[in-house]
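Reader: Let us go through this model by question and answer. Please keep it brisk.

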Amino acid sequence: MEKTIEKLRKNGFEVTRFATGAEAADYIGRLRGKTVGIGGSMTVRGLGIYDRIKDENTVFWHMIEPGDETMVKASSAQVYITSANAISEEGYILNIDGRGNRVAGTLMQKEKVYLIVGKNKLCGSFDEALERARNVAAPQNAARLEKKTPCAVGGHCYDCSSPDRICSALVVLWRRPGWCESMEIVLIDEDLGF
């Protein structure tokens with residue numbers, strides 16, 4: 001973990017480490033007076049982030065208010081909160097997305113992006129991180145969302161053509177994008193999310 005943290009910092013990402021998800025949720029819960037977008041993330045949902053920030057901020061999250069308009073507002077908010085499917089030991093961050101709204105939120109110009117990540121998402125090489133994103137995170141999310149995809153049943157990627165496919169886009173952050181004032185990895189010493 002220490003080597004990954006060192007590489008993330010070298011790649012321009014801030015890293016804040018917490019022993020528990022509750023401590024990380026308290027940290028994020030200090031946000032005040034911002035427009036905040038949340039990307040569809042079981043990690044964020046499991047930590048109760050929305051409930052911690054909704055009263056002091058204007059929050060857009062399609063899991064609370066479904067629809068394309070909410071996703072667009074979330075992507076263009078001052079602050080964006082989501083997770084990552086995998087992080088390689090080289091400090092590369094990988095995210096797979098179906099519609100592209102979650103990955104777009106990490107790429108749009110922002111004041112701050114938070115990526116909340118459990119230790120289970122740390123991998124060795126880039127190839128191992130890609131393997132995790134495609135064959136662990138995506139199939140579990142497809143099953144959770146009751147998608148009619150081969151991976152939801154078989155538990156690994158079939159590179160299908162299903163209209164329910166949830167892995168249409170892959171974004172790799174090799175370094176913090178120059179437009180983003182601050183991109184912070186909130187790393188938690190617990191297994192969280194897919």
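**Contacts, pairs and pockets**

Reader: Leaving aside neighbours within four places in sequence, which residues is Ile49 in contact with?

Author: Contact means heavy atoms within 4.5 Å. Neighbours within four places in sequence are left aside. Ile49 is then in contact with Ala25, Ile28, Val44, Ile81 and Ile116.

Reader: What kind of model is this?

Author: Residues are numbered from 1 along each chain as its sequence is written, and side-chain values use heavy atoms, with hydrogens and water left out. Local features need pLDDT of at least 70, side-chain atom pairs count only at pLDDT 80 or more, and totals for chains, interfaces and linings use all residues, as this model is predicted.

Reader: Is Ile49 buried or exposed?

Author: Ile49 lies in helix α4 (residues 49-53). Helices (H or I, at least four residues) and strands (E, at least two) are DSSP runs, numbered from the N terminus. Buried means under 20% relative accessible area, exposed over 50%, partly exposed in between (1.4 Å probe, protein chains only). With a relative accessible area of 0%, Ile49 is buried.

Reader: Which residue of helix α2 does Arg52 reach by a salt bridge?

Author: A salt bridge needs a side-chain nitrogen of Lys or Arg within 4 Å of a carboxyl oxygen of Asp or Glu. Arg52 has such a partner at 2.4 Å, N to O. Arg52 lies in helix α4 and the partner in helix α2, so the pair ties together parts that are 26 residues apart in sequence. At 44% relative accessibility, the partner counts as partly exposed: Asp26.

Reader: Where does Arg99, the partner of Asp68, lie?

Author: The side chains of Asp68 and Arg99 meet in a salt bridge (2.6 Å, N to O). Their pair ties together parts that are 31 residues apart in sequence, because Asp68 lies in helix α5 (residues 68-75) and Arg99 in the loop between β6 and α6.

Reader: How many salt bridges are there by this rule?

Author: Glu2, Arg17 and Asp189 are linked in a network of salt bridges. Lys54 and Asp51 also form one, with their closest N and O atoms 3.9 Å apart. The full count of salt bridges is 11.

Reader: Which side chain of opposite charge is nearest to Arg102?

Author: Arg102 is found in helix α6 (residues 101-107). Lys and Arg count as positive, Asp and Glu as negative, and His and the chain ends are not counted. Arg102 is buried yet has no salt bridge. At 4.5 Å, the nearest side chain of opposite charge is Asp97.

Reader: How much space lies in the largest pocket, and which helix gives the most to its lining?

Author: On a 1 Å grid over the protein atoms alone, a pocket is an open set of points with protein on both sides within 12 Å along at least five of seven lines, a cavity is a set where a 1.4 Å probe fits but cannot get out, and lining residues have an atom within 4 Å of a point. Grid points are joined across faces, edges and corners, and a volume is the space filled by probe spheres set on the points. The largest pocket has 28 lining residues, with Gly40, Asp97, Arg102, Arg144 and Leu145 nearest its centre. Its space is about 550 Å³, and the most lining, four residues, comes from α7.

Reader: What is the volume of the largest cavity?

Author: One cavity of 30 Å³ or more is counted. Its lining includes Cys151, Cys157, Cys160 and Cys167, and also Asp159. The volume is about 50 Å³.

Reader: What is the phi of Asp159?

Author: Most residues other than glycine have a negative phi. Asp159 sits in the loop between α8 and β8 and is exposed, with a relative accessible area of 52%. Its phi is positive, near 50 degrees.

Reader: How many residues apart in sequence are the parts that Tyr27 and Tyr114 tie together?

Author: Rings of Phe, Tyr and Trp (its six-membered ring) pair if their centres lie within 6.5 Å; planes under 30 degrees apart count as stacked, over 60 as edge-to-face and the rest as tilted. Five aromatic pairs are counted. Tyr27 and Tyr114 form an edge-to-face pair, at 6.5 Å centre to centre and 90 degrees between the planes. Tyr27 lies in helix α2 (residues 21-28) and Tyr114 in strand β7 (residues 112-118), so the parts they tie together are apart in sequence by 87 residues.

Reader: Which residue forms one aromatic cluster with Tyr27 and Tyr114?

Author: Tyr114 is buried at 10% relative accessible area, while Tyr27 is partly exposed at 22%. The residue that forms one aromatic cluster with them is Phe18.
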